[in-house]
Amino acid sequence: MSTYLIQNVSVLGGEPQDLLLVDGVVADASATPAEGAQVVDGTGLIALPGLVDLHTHLREPGREDAETVESGTAAAARGGFTAVHAMANTDPVADTAGVVEQVWRLGREAGHCDVFPVGAVTVGLAGERLAELGAMADSAARVRVFSDDGKCVHDAVLMRRALEYVKAFDGVVAQHAQEPRLTEGAQMNEGELSGRLGLAGWPAVAEEAIIARDVLLAEHVGSRLHVCHVSTAGSVELIRWAKGKGVDVTAEVCPHHLLLTDELAATYDPIYKVNPPLRTARDVEALRAGLADGTIDIVATDHAPHPHEDKDCEWAAAAFGMLGLETALSIVQETMVDPGLLDWAGVADRMSSAPARIGRLDDHGRGLEVGAPAHVVLYDPSVRRTVDPAGSASLSRNTPYRGMELPGRVVATFLRGVPTVLDGELV
Ligand SMILES: NC(=O)N[C@@H](CC(=O)O)C(=O)O
Ligand SMILES: [Zn+2]
Ligand SMILES: [Zn+2]
């Protein structure tokens, strides 16, 4: 197979050393002869374990105009990801073994990163009957994460049954926490600003009420709950409380909720329209603190591509969602590393080991120790770049960072010791 010798690289932000990748595995650079190795200069670069996204929308099958498994995983590799979990809100919905196996197979064929399909909790995401969770778990796709993301599993009995059911195969229910009655027609964070802008408000309690209910349900049935895209200070408080009493709950925050605030809605530019909505500066601060102290376990992108006709329209008519894969690491550097809230080892935990653990992946998130699978990202934190949507590998262009200057650049990504990205470009 292949041998790569990455010289003089700072592993997890430590002192520069050599990193040797032999036949898909991290080897001992001081003991193994690197004959015939392809040499990569790692000077000034940081090596992190390949990133794992627990929340990606790849849109295939059904909306191949917005994204395909091929284009979305290409964007993932460019962002430093070696594994993504593909959300189930496709058309058809990923609610059967057949659909999840198809998505899994498309991921293998594309080859940019590993794709782990998420299975729907309910048939057609309709919130009425449980989908065939066991058949998806037993399929070739080995589904462990189940979610109706895009919709909340709002029926408490169904949610309880789903939590009970996934215990049989060590699965987890990833909840999109949104009380539907409290968010009918909602457009942006509810507050003084939504009133002034005349956009229907989305109260924090709509998220928090579901989280409170679900942590209690998870405790009651002794199962595992994951909370998608946590966006409010109150949610962080609830999850901290639940963890404190031993509930098996994990949570994610999205890069955009770590950086952007509801003030951006004043532009009426739907590029900033997302579910859950951008919140206040106080929420942003609480989310950063929660991620720093481990209350929030991981960063997940919620990469949500939409074609321009669904975004270039008036705010109320536009689709919810924004791109995230190619900018995630830069946003985490900007919001967490540069302000001193998280070091690079912390980033590796929140963006690789912890998401792999939640998704029960055994071939990812194992760090850069000798013997670990050679999933590696080489990142240059010292450069700055201006985000140009036209340069994205995604088929969609809905990045809220358009024209913004962000720190850092992914230089290379290795999947099982083989580069998927080199010199910032897809291989
Ligand atoms: N986040 C979003 O605003 N949109 C997501 C759905 C979701 O994650 O809830 C989408 O599928 O477009
Ligand atoms: Zn969601
Ligand atoms: Zn989503």
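**Exercises on a predicted model**

Gln-175 stands opposite Val-227 in strand 13. The model is predicted: local features need pLDDT of at least 70, side-chain atom pairs count only at pLDDT 80 or more, and totals for chains, interfaces and linings use all residues. Residues are numbered from 1 along each chain as its sequence is written, and chains are lettered from A and ligands numbered from 1 in the order in which they are written.

**Exercise 1.** Place strand 13 in its sheet and find the helix that packs on this sheet.

Solution. Strands are DSSP runs (E, at least two residues) and helices are DSSP runs (H or I, at least four), numbered from the N terminus. Two strands pair if DSSP finds at least two bridges between them.
- Step 1: strand 13 (residues 225–227) pairs with strand 10 (residues 172–175) in the parallel sense, over three bridges.
- Step 2: the open sheet has five strands in the order 9-10-13-14-15, with parallel pairing. Strand 9 (145–146) and strand 15 (298–299) are its edge strands, each pairing on one side only.
- Step 3: helix 6 (residues 204–221) packs on the sheet and touches strand 10, strand 13 and strand 14 (249–253). Two residues are in contact if their C-beta atoms, placed from the backbone, lie within 7 Å. The direction of helix 6 makes about 165° with that of strand 13; axes are lines fitted to C-alpha atoms, for helices over the stretch in contact, and angles run from 0 to 180 degrees between N-to-C directions.

**Exercise 2.** Decide whether Leu-58 is buried or exposed.

Solution. A residue is buried if 20 or more other C-beta atoms lie within 10 Å of its own, exposed if 12 or fewer, and partly exposed in between; C-beta atoms are placed from the backbone.
- Step 1: Leu-58 lies in the loop between strand 6 (51–56) and helix 1 (69–78).
- Step 2: Leu-58 has 30 other C-beta atoms within 10 Å, so Leu-58 is buried.
- Step 3: apart from neighbours within four places in sequence, Leu-58 contacts Glu-67, Val-69, Gly-72 and Ala-86.
- Step 4: in helix 1, nine of the 10 residues are buried, including Val-69 and Gly-72.

**Exercise 3.** Do the count for Arg-59.

Solution.
- Step 1: Arg-59 is found in the loop between strand 6 and helix 1.
- Step 2: with 28 other C-beta atoms within 10 Å, Arg-59 is buried.
- Step 3: the contacts of Arg-59, leaving aside neighbours within four places in sequence, include Thr-90 and Pro-305.
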